[in-house]
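Grab a pencil and work through these exercises with the structure open beside you. Try each task before you read its solution.

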Amino acid sequence: MRIGVEINGRPYEGEVEPRTLLSDFIRHDAGLTGTKVGCEQGVCGACTVQLDGEAVRSCLMLAVQANGRSLRTVEGLAPDGELHPLQRAFHEAHALQCGFCTPGFLMSIEAFLREHPDAGEEQLREALAGNLCRCTGYLGIVEAVERAAREMRG
Amino acid sequence: MKPAPFDYRAAASVDETLPLLGLDSAVLAGGQSLVPLLNLRLARPELVVDINGVTELDYVREDDGALRIGAMTRQVALERSELVSERWPLLHKAVELVGHPQIRARGTVGGSVVHADPAAELPVALTALGARFHLRSADGARALGAAEWFKGALYTAREPQELLVEIELPAESADARSGFAEHARTHGDFATAGAAAVRFRDGGAALVLLGAGDVPARAEAAERALAGGAAPREAAALAARDVAGDHRRALCAELARRAIEEATA
């Protein structure tokens with residue numbers, strides 16, 4: 001099936017089988033390998049992208065379902081090479097080690113902060129619960145998100 | 001990891017969907033339960049019928065006092081509905097506990113009801129509120145209450161050629177006081193146990209346990225006791241009396257007590 005998807009403001013086209021997962025389309029067809037693929041059953045959150053502004057698991061959607069839709073991936077956070085406040089805060093607060101889970105965390109929490117700019121620590125921890133990190137632990141991640149949220153509030 | 005090959009049809013209406021349904025087809029709504037099953041090849045349908053384009057099933061509205069929820073309504077839409085948080089707050093409390101925001105952005109109310117996971121929150125809340133489940137097929141339509149609908153773990157009364165189109169909550173369930181409590185190891189994980197309690201305006205009570213069995217279990221003896229004026233702790237102990245396993249029984253009793261107290265406050 002022929003599909004066309006807008007990713008980070010650019011059109012991408014591809015020929016996919018119905019069973020092709022959106023996560024595989026993003027990585028293999030669009031070549032945007034910032035999005036990671038972990039468990040492929042909706043648990044780890046590594047493949048999280050934004051579909052029309054909402055954070056979703058790209059391993060739980062078929063690529064054909066994104067036909068004609070608009071996606072944002074981690075590459076879209078820093079389009080001109082300048083880091084997004086969240087990315088900078090992750091760097092500064094040591095919120096990553098291997099970095100595999102980071103794109104998923106960033107896309108989840110960026111969507112959350114747009115809706116809840118004033119979220120407190122408890123709410124942030126709940127919002128982060130859908131993404132797993134297996135090396136850093138979560139203290140640095142929570143701190144980074146709080147730091148970025150403060151900066152984004154201005 | 002790849003699902004086994006399947007044919008794919010995207011339907012744009014209920015009428016277009018119904019002739020496609022049968023033993024070898026699977027309905028794809030939000031996909032938050034079906035797609036993992038496809039990826040793990042635990043489900044191998046020949047045909048996947050995508051109903052994401054069936055916008056006629058995406059609504060939450062009050063109709064003559066009753067609440068009508070289209071089966072394709074996303075969980076996030078239920079969560080954001082002011083009508084629901086003001087008039088049916090139990091549903092709001094329950095849906096906030098479903099998975100994570102990324103799951104609720106795609107997951108649907110109908111999908112949760114059809115998947116019928118014993119650890120799912122929405123079936124428990126809907127059962128406590130007296131929901132009726134409306135089905136359509138090429139041959140006709142029917143509606144079932146929770147007791148007939150939930151048959152077992154991941155098993156409902158839906159026939160392969162039927163489509164769940166609507167969940168209806170009766171007018172009597174509006175403006176009831178309610179409570180929902182659950183225990184999960186981390187926020188958003190599947191709950192080990194939980195309870196939903198409702199005190200209706202007419203003095204009646206509903207109490208449904210999560211995780212006490214394969215289906216949302218109404219604790220009828222405890223409901224009668226509550227309507228008769230029993231204390232929360234007493235009714236909760238009665239509800240959990242027959243739950244198997246010491247740990248689970250203690251959890252159910254404690255969570256039922258919290259839910260009842262929230263509904264009584």
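**Exercise 1: A well-connected residue**

Task: find which residues Ala256(B) touches, skipping those up to four places away in sequence.

Solution. Start with the contact rule: C-beta atoms, placed from the backbone, must lie within 7 Å. Ala256(B) then touches Ala195(B), Leu207(B), Leu209(B), Ala236(B), Ala239(B) and Ala240(B).

Before going on, note that this is a predicted model, where local features need pLDDT of at least 70 and side-chain atom pairs count only at pLDDT 80 or more, while totals for chains, interfaces and linings use all residues. Residues are numbered from 1 along each chain as its sequence is written, with chains lettered from A and ligands numbered from 1 in the order in which they are written.

**Exercise 2: The chain contact**

Task: work out how many residues each chain gives to the contact.

Solution. Chain B supplies 25 residues and chain A supplies 22 residues. Next, sort the side of chain B that touches chain A by class: 12 residues are nonpolar (Ala, Val, Leu, Ile, Met, Phe, Trp, Tyr, Cys and Pro), nine are polar (the others, Gly among them) and four are charged (Asp, Glu, Lys and Arg).

**Exercise 3: A sheet in chain A**

Task: say in what order the five strands of the open sheet in chain A come.

Solution. Strands are DSSP runs of at least two E residues, numbered from the N terminus, and two of them pair if DSSP finds at least two bridges between them. The order is E2-E1-E5-E3-E4, with mixed pairing. At the edges sit E2 (10-15) and E4 (54-57) of chain A, each pairing on one side only. Now zoom in: E3 (residues 48-51) and E5 (residues 70-72) of chain A run antiparallel, joined by two bridges. Leu51(A) stands opposite Leu71(A) in E5(A).

Conventions: Two residues are in contact if their C-beta atoms, placed from the backbone, lie within 7 Å. Helices (H or I, at least four residues) and strands (E, at least two) are DSSP runs, numbered from the N terminus.
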